[in-house]
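Open the model in your viewer and turn on residue labels. We will go from stop to stop, selecting a few residues each time.

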Amino acid sequence: MTSSTPALPTVPFTLTRAGVIMTPEDGNEFEAEGVLNPASGRGPDGELYLLPRLVAKGNVSRVGLAKVIVGDDGVPSGVERQGVVLAPDEGWERGLNNAGTEDPRITWVPSLGRHLMTYVAYGPLGPRLAFAHSEDLRTWDRLGPCHFEYQADLSMDLNLFANKDAVFFPEPINDPDGVPSYALLHRPMWDLGWIREGEGEHLPAGLDDNRPGIWISYVAVDDVERDIRNLVHMRKHKLVALSEFPFEELKIGGGPAPIRVDEGWLLIYHGVSGSMEKSAFDHQQNVNYTAAAMILDSDDPSIVIARSDKPLLAPETEDEISGIVPNVVFPTAIEKIGEQLFVFYGMADSKIGVARLDRA
């Protein structure tokens, strides 16, 4: 089972830093251990909002809401906090010594008339994907944990594995059988040893690379229109991409919602290099997170047609180099302000940065 090939064209885009947009607020108990990895969206008022991960003591994460302040030059310059919109209030979002609604990604889906949020519920069995939806970014209705339908050709139940970095496409796409569907990118992790000592890794049939990569799954539009709760029932799973270059030698994962460009679907993603210590779920000190991009086929986004052979943005500033997990550029949101696209990203120092996306 393979992804793309090293001979693919490179992606004709660049990222240029535009500054730090959000830092932890002194005295705010919800932000005692940082603000990072935001989702984003436009509210009914037309304003742009970030929905950052807010980390309290004990690594308890919530999703906040903050209006983006844009300077006269059209560049985001700060935020106005407006509270918490999602917290680990459900039993399946809490473990004995952990809790979290983490790393949200948000996609506005016009055909549904609502925002779809994917987030990581850090519960009793570790990180699991969960979905919620909203019409105004303030009130979120949980759809619950994601369920991956069994697929015989994989000889594996994807529900066994921790999963992160999920995001929906903004419009229906035909699935492998030509059925109009909502598509989800996600990143399963094959190591079960952290749950059951000695169990190790279990790979789907046909996959001989154990590094976590980007997958795609689908749910039929008709099923979702009949009942939006069907959105959690994903099927027809397929590998999209694995690590190929030195800057992503350990793993890759999806970032903001894909956006349409002339060539197809532009996906900003992160690549990780270095060395892992202990469990992948521990704070790592010897890894390097960078932002890169790939372009997926317009009609079949499981096909990669162009890909970065080096990072578009790598840790260079003090905020990106030094922190709880050092050397981090972790892109999670993309928005258009005027005629300019901006990417928002988490930083090593538990802050949120912004970069301008341009054609090369």
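**Stop 1: a lysine in a strand.** Select Lys236. This residue sits in strand β15. Keep in mind that you are looking at a predicted model. Check the backbone here: phi of Lys236 is near 55 degrees, which is a positive value in a residue other than glycine. Is Lys236 buried, partly exposed or exposed? Its relative accessible area is 25%. Buried means under 20% and exposed means over 50%, so Lys236 counts as partly exposed.

**Stop 2: the largest nonpolar core.** Stay with β15 and select the whole strand, residues 233-241. β15 supplies at least two residues of the largest nonpolar core. So do β8 (126-134), β11 (163-168), β13 (180-188), β14 (214-220) and α1 (221-226). Give each of these elements its own colour.

This core has 29 residues. Which of them touch the most other members? Select Phe131, Tyr182, Val224, Leu231 and Met234 to see them.

Now zoom in on Met234. Leave out residues up to four places away in sequence, and look at what Met234 touches. The list includes Phe131, Tyr182 and Leu184. Cys146, His147, Phe148 and Glu149 are also on it. Ser217, Tyr218 and Val219 complete the set.

There is a second, separate core of 21 residues. Select Val167, Ile214, Ala257 and Leu296, which are among its members.

**Stop 3: strand β11.** Keep Val167 selected and find its partner. Val167 stands opposite Leu185 in β13. The two strands, β11 and β13, pair in the antiparallel sense over 4 bridges. How many of the 6 residues in β11 are buried? The count is 5, so this strand is mostly covered.

**Stop 4: the loop before β11.** Move back to the loop between β10 (147-148) and β11, and select Asp157. With 29% relative accessibility, Asp157 is partly exposed. Now draw a distance from Asp157 to Pro52. The two are 105 residues apart in sequence, and their C-alpha atoms are 31 Å apart in space.

Ser155 lies in this loop between β10 and β11 too. Its phi is near 50 degrees, a positive value in a residue other than glycine. At 48% relative accessibility, Ser155 counts as partly exposed.

**Stop 5: the cavity.** Rolling a probe the size of a water molecule over the atoms shows where empty space is left. How many cavities of 30 Å³ or more does the structure hold? There is 1. The largest cavity has a volume of about 40 Å³.

Select its lining: Asp103, Arg105, Thr118, Tyr119, Val120, Leu129, Asp165 and Ala166. Strands β6, β7 (114-123) and β11 each supply at least two of the lining residues. The largest share, 3 residues, comes from β7. Colour the lining by class and you get 4 nonpolar, 1 polar and 3 charged residues.

**Stop 6: a buried histidine.** Select His270 in strand β18, residues 264-274. Its relative accessible area is 1%, so His270 is buried. Show its contacts, leaving out residues up to four places away in sequence. One of them is Asp165, a residue that also lines the largest cavity. His270 touches Arg187, Lys251, Tyr289 and Phe330 as well, among others.

**Stop 7: the second largest pocket.** About 450 Å³ of space lies in this pocket. Of the 23 residues that line it, which are the closest to its centre? Select Trp108, Ala257, Ile259, Ile334 and Glu335. You have met Ala257 before, as a member of the second core.

Next, colour β2 (35-42), β6 (101-109), β17 (259-261) and β21 (329-337). Each supplies at least two residues of the pocket lining. The largest share, 5 residues, comes from β21. By class, the lining has 12 nonpolar, 5 polar and 6 charged residues.

**Last stop: one more loop.** Select Glu90, in the loop between β5 (76-86) and β6. With 33% relative accessibility, Glu90 counts as partly exposed. Add Gly144 to the selection. Glu90 and Gly144 are 54 residues apart in sequence, and 9.7 Å apart in space, C-alpha to C-alpha.

Methods. Residues numbered from 1 in each chain as written. Predicted model: local features only at pLDDT ≥ 70, side-chain atom pairs only at ≥ 80, totals over all residues. Heavy atoms only, no water. Core = buried A, V, L, I, M, F, W, Y, C linked by side-chain atoms within 4.5 Å. Buried < 20%, exposed > 50% of the residue type's maximum accessible area, 1.4 Å probe, protein only. Contact = heavy atoms within 4.5 Å. 1 Å grid on protein atoms, 1.4 Å probe; cavity = no way out; pocket = protein on both sides within 12 Å on 5 of 7 lines; lining within 4 Å. Points joined across faces, edges and corners; volume = space filled by probe spheres on them. Nonpolar A, V, L, I, M, F, W, Y, C, P; charged D, E, K, R; others polar. Pairing = 2+ DSSP bridges.
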